[in-house]
Amino acid sequence: KSSDGGNTFTQLASTDNFTFTYVQKIVVASNGDVFAATRNASIQRSEDGGDSWSRVLSDGGTSRAADLEIATNGDIYASLGIFSSAHIFRSSNNGDSWTEVTPPTTSGGRIELAVAPSASSQTANTVVYAVKYNQNATTSNDISWIRRTSDGGSNWSDLTIPTDFSSGNHFTRGQGWYNLIMAVHPTNEDIVLMGGIDLYRTADGGTNWNPVSQWFGGNNKPYVHADNHAIVFRPGFDNEAIFGNDGGVYYSPDAGSATDPNFSVQNYLYNVTQFYSVAMENSAGENYFLAGTQDNGTHQFNFAGINPTVEVTAGDGGFTFIDQDNANIQITSFTNNNYQISTNGGA
């Protein structure tokens, strides 16, 4: 928790337990109550700024919560799901009680939600979008459905599922358990941004989706790093948006208004890369390291401390190797048992 605008944070002692091992989403109600979607204990609520928590929603068997959204009128929408079941709930009294509003579904999995701020002044006209990942999918067509309600969840209609540029598979390409996010334009309920591997946009409420980015910058689309997890429209500037993905933070000045938006990377002094492994050269005082990262390649380090590196191989960097007798021999690894070798010291 931060009480100074994010300059410093203090870990909440009340969350140092199994309940909060995985937290998928945090939202704050207008009265200051905090709600957390947890993987191990459903929806938790704190009424005292995080000092204590209580479980306010469980579907009787599924403890895994995936998403939380608060509508303009204060209604709270939550999704819970696991292998055998997936559910959407709505609370109109700050989490004291909940009504199930799940559209017809036949399998379990993760449900991602997005509420239209401009169409939620009352429950009867609240527009909510929902996209469901099929937990039991065995192919890259892993999305069960995308649906929309215009009455707070009483009735739902099916929408088109976007497909990948080259493969024809769903836009998540078998990774809907991991990269799946939606956001609705602040003033137009029919404009939705959705992310999987790449980013997609609809201006007609989900009937048609236009791909607006490409993870390798192909197909005449701007480059935005793969695997998207967060989309936030800028308050007060309705057409601007920020995107969070495996490559960091991206910004668009016109994602809410342009059919083909512009994007720029915003990763200045942003050091959060997750390293899987590191190998070091076997000589005293040496600052040469080879390290594999999550979806950001394998990097050469040549300086002590936090300094720029050289990406020698791309994608997901796995285990790395530097021969301890002959440092000219180095190996990097990538998914699906792909290896690359250098016999000249990484040059």
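**Exercise 1. Determine how the lining of the second largest pocket divides by residue class, then describe the space and its surroundings.**

Step 1. In this predicted model, the lining of the second largest pocket is made up of 11 nonpolar, 16 polar and one charged residue.

Step 2. The space in the second largest pocket amounts to about 730 Å³. Its lining comprises 28 residues, and those closest to the centre are Tyr270, Asn271, Val272, Thr273 and Asn296.

Step 3. The strands that each supply at least two residues of this lining are S18 (237–245), S19 (248–252) and S23 (298–301).

**Exercise 2. State the volume of the largest pocket and identify what lines this pocket.**

Step 1. The volume of the largest pocket is about 1200 Å³.

Step 2. The lining holds 40 residues; Gln24, Lys25, Asp67, Glu112 and Ile181 are the closest to the centre.

Step 3. Two or more lining residues come from each of these elements: strands S1 (23–28), S5 (65–70), S6 (76–82), S9 (111–115), S13 (181–184) and S17 (228–234). Strand S5 gives the most, namely six residues.

Step 4. Sorted by class, the lining of the largest pocket contains 26 nonpolar, seven polar and seven charged residues.

Step 5. Two of the central residues named above reappear in another setting: Lys25 and Asp67 are linked with Glu69 in a network of salt bridges.

**Exercise 3. Find the order of the strands S25, S26 and S27 in their sheet, and explain which strands stand at the edges.**

Step 1. The three strands form an open sheet in the order S25-S26-S27, with antiparallel pairing.

Step 2. Strands S25 (321–322) and S27 (338–342) each have a single partner strand, so one side of each lacks a neighbour in the sheet; these two therefore stand at the edges.

Step 3. The antiparallel pairing of S25 with S26 (residues 330–334) runs over two bridges. Within S26, isoleucine 331 is the residue opposite phenylalanine 321.

**Exercise 4. Give the number of salt bridges in the whole structure, and examine the one between arginine 147 and aspartate 158.**

Step 1. The whole structure contains 11 salt bridges. As a general principle, side chains of opposite charge can pair when their charged atoms come close.

Step 2. In the salt bridge between arginine 147 and aspartate 158, the distance from N to O is 2.8 Å. Arginine 147 belongs to strand S11 (residues 143–149) and aspartate 158 to strand S12 (residues 157–159); the two residues are 11 residues apart.

Step 3. Arginine 147 has a relative accessible area of 11% and the limit for a buried residue is under 20%, so arginine 147 is buried. Aspartate 158, at 56%, is exposed, because that class begins over 50%.

**Exercise 5. Which salt bridges does arginine 148 form with glutamate 189 and aspartate 190, and where do these residues lie?**

Step 1. Arginine 148 meets glutamate 189 in a salt bridge of 2.9 Å, N to O. Glutamate 189 lies in the loop between S13 and strand S14 (192–195), arginine 148 lies in strand S11, and the separation is 41 residues.

Step 2. Arginine 148 also meets aspartate 190 in a salt bridge, at 2.8 Å from N to O. Because arginine 148 is in strand S11 and aspartate 190 in the loop between S13 and S14, this pair ties together parts that are 42 residues apart in sequence.

Step 3. With a relative accessibility of 12%, arginine 148 is buried. Glutamate 189, at 27%, is partly exposed, and aspartate 190, at 26%, is also partly exposed.

**Exercise 6. Count the aromatic pairs, and classify the pair formed by phenylalanine 243 and phenylalanine 263.**

Step 1. The count comes to seven aromatic pairs.

Step 2. The ring centres of phenylalanine 243 and phenylalanine 263 are 5.4 Å apart and the planes meet at 65°, so this pair is edge-to-face. Phenylalanine 243 lies in strand S18, while phenylalanine 263 lies in the loop between S19 and strand S20 (264–265), 20 residues apart. Both of these phenylalanines are buried.

Step 3. A further pair, phenylalanine 275 with phenylalanine 301, is tilted, with 5.9 Å centre to centre and 55° between the planes. Phenylalanine 275 is in strand S21 (residues 275–280) and phenylalanine 301 in strand S23, 26 residues apart. Phenylalanine 275 is partly exposed, at 41% relative accessibility.

Methods:
Residues numbered from 1 in each chain as written. Predicted model: local features only at pLDDT ≥ 70, side-chain atom pairs only at ≥ 80, totals over all residues. Heavy atoms only, no water. 1 Å grid on protein atoms, 1.4 Å probe; cavity = no way out; pocket = protein on both sides within 12 Å on 5 of 7 lines; lining within 4 Å. Points joined across faces, edges and corners; volume = space filled by probe spheres on them. Helix = DSSP H or I, 4+ residues; strand = E, 2+ residues; numbered from the N terminus. Nonpolar A, V, L, I, M, F, W, Y, C, P; charged D, E, K, R; others polar. Pairing = 2+ DSSP bridges. Salt bridge = Lys/Arg side-chain N within 4 Å of Asp/Glu carboxyl O. Buried < 20%, exposed > 50% of the residue type's maximum accessible area, 1.4 Å probe, protein only. Phe/Tyr/Trp six-rings, centres within 6.5 Å; stacked < 30°, edge-to-face > 60°.
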